[in-house]
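This report describes the fold of one protein chain, starting from its strands and ending with its cysteines and a loop residue.

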Amino acid sequence: MKTLLFINGPMGVGKTAVCKALLEQLTPGLYLDGDWCWNMNPFQVTEETRALVLDNVTAMLSRSLACPELEYVIFGWVMHYSKIAGGILNQLKLDGVKVLQYTLLCSEQTLCRRIEDDIASGTRFKGAMEKSLSYLPLYNNQNTVKIMTDGLSAEETAEIIVRQMKEE
C-alpha cells in the first residue's frame with residue numbers, strides 16, 4: 001500500500017527540512033513541495049494563478065501516486081485552511097493509498113527566531129514574519145496530527161513522524 005503524507009504548517013516552521021529528512025527515511029519515496037508551483041515572476045495570487053497552482057499540485061501528486069516504483073509520496077506546503085488539503089485530496093484517486101496528515105507547529109518565539117534567520121540568509125522576504133504569525137492559529141482546528149517542533153531538529157521531527165506511522 002502506498003502512503004501519502006501531507007506535511008503542513010506555517011512558513012518557517014521547518015516543513016522543507018523535515019520533508020527532506022523524511023525522504024531519507026522513507027524509501028522508495030518522492031518529496032514534492034507545493035511552493036514549487038508558486039515559483040512565478042511576478043508572484044501574483046489571483047483566482048487564475050490559484051487555480052493553476054492547485055491543478056499543477058493535483059497533477060503532480062496524481063502522477064506520483066500512480067508510479068509503481070514509489071511507496072511513499074511526501075507533500076509539504078502551507079495549507080492553513082483544511083479546505084486546501086481537502087480540495088486536493090478530493091481530486092486524487094486514493095484507492096490503495098493511506099493518507100496521513102501532519103501539522104508542524106512551534107511557539108511564536110521559535111517561529112520568529114527561525115524566520116529572522118531565514119530573512120538574514122535571504123531565503124525569506126521581510127513580510128514573512130507577520131504572515132506566518134497570522135497563520136499560526138489557523139492550524140489548531142485542523143484534523144491532523146500536530147507535532148511541536150520547538151527544540152527539535154528536522155531529523156528528530158522526521159523520526160517522530162516515522163514512529164507514529166509505524167504505530168498506526
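How many residues of β1 are buried? Seven of the seven residues of β1 are buried, and the strand is mostly covered. Buried means under 20% relative accessible area, exposed means over 50%, and partly exposed lies in between, with a 1.4 Å probe and protein chains only. Helices (H or I, at least four residues) and strands (E, at least two) are DSSP runs, numbered from the N terminus.

**Model and confidence**

This is a predicted model, in which local features need pLDDT of at least 70 and side-chain atom pairs count only at pLDDT 80 or more, while totals for chains, interfaces and linings use all residues. Residues are numbered from 1 along each chain as its sequence is written, and side-chain values use heavy atoms, with hydrogens and water left out. The predictor's confidence in each residue, pLDDT, runs from 0 to 100. Its mean over the protein is 94, and 100% of the residues reach 70 or more. Confidence is highest in β1, at 98, and lowest in helix α5 (residues 128-135), at a mean of 93.

**The sheet**

Five strands form an open sheet with parallel pairing, in the order β2-β3-β1-β4-β5. The edges are taken by β2 and β5 (145-148), each with a single partner strand, so one side of each has no neighbour in the sheet. On average, neighbouring strands of this sheet are turned by 20° against each other, direction ignored. Axes here are lines fitted to C-alpha atoms, for helices over the stretch in contact, and angles run from 0 to 180 degrees between N-to-C directions.

Two strands pair if DSSP finds at least two bridges between them. Strands of a sheet pair through backbone hydrogen bonds, either parallel or antiparallel. Strand β1 (residues 2-8) is joined to β3 in the parallel sense over six bridges, and to β4 in the parallel sense over seven. Strand β2 (residues 29-33) runs parallel to β3, with five bridges between them. Some of the facing residues are listed below.

| Residue | Partner | Partner strand |
|---|---|---|
| Thr3 | Tyr72 | β3 |
| Leu4 | Val73 | β3 |
| Asn8 | Trp77 | β3 |
| Leu32 | Phe75 | β3 |
| Ile7 | Tyr102 | β4 |

**Burial of β1 and β3**

In a regular strand the side chains alternate between the two faces of the sheet. In β1, Lys2, Leu4, Phe6 and Asn8 point one way, Thr3, Leu5 and Ile7 point the other way, and all are buried. Why is strand β3 (residues 72-77) largely enclosed by the rest of the structure? Six of its six residues are buried, so the strand counts as largely enclosed. Both faces of β3 are covered, with Tyr72, Ile74 and Gly76 buried on one side and Val73, Phe75 and Trp77 buried on the other.

**Helices and connections**

β2, helix α2 (residues 47-66) and β3 make a right-handed β-α-β unit. A crossover is right-handed if, with the strands pointing away from the viewer, the path from the first strand over the helix to the second runs clockwise. Helix α1 (residues 15-25) lies across β1, β2, β3 and β4 (97-105), and runs at about 170° to β2. Helix α3 (residues 82-90) also packs on the sheet, where it touches β1, β3 and β4, and its direction makes about 155° with that of β1. Contact means heavy atoms within 4.5 Å.

Two loops hold cis peptide bonds, as follows. The bond from Thr27 to Pro28 is cis, with omega near -5°, and Pro28 lies in the loop between α1 and β2. The bond from Asn41 to Pro42 is cis as well, with omega near 5°; Pro42 is in the loop between β2 and α2.

**Cysteines and Lys93**

How many disulfides does the structure hold? It holds zero disulfides, a disulfide being a pair of cysteine sulfur atoms within 2.5 Å. The closest cysteine sulfur to that of Cys19 is in Cys37, 14 Å away, which is too far for a bond. Cys19 is buried, with a relative accessible area of 0%, and Cys37 counts as buried at 12% relative accessibility.

Lys93 lies in the loop between α3 and β4 and counts as exposed, at 76% relative accessibility. The C-alpha atoms of Lys93 and Asp117 are separated by 39 Å, and the two residues are 24 residues apart along the chain.
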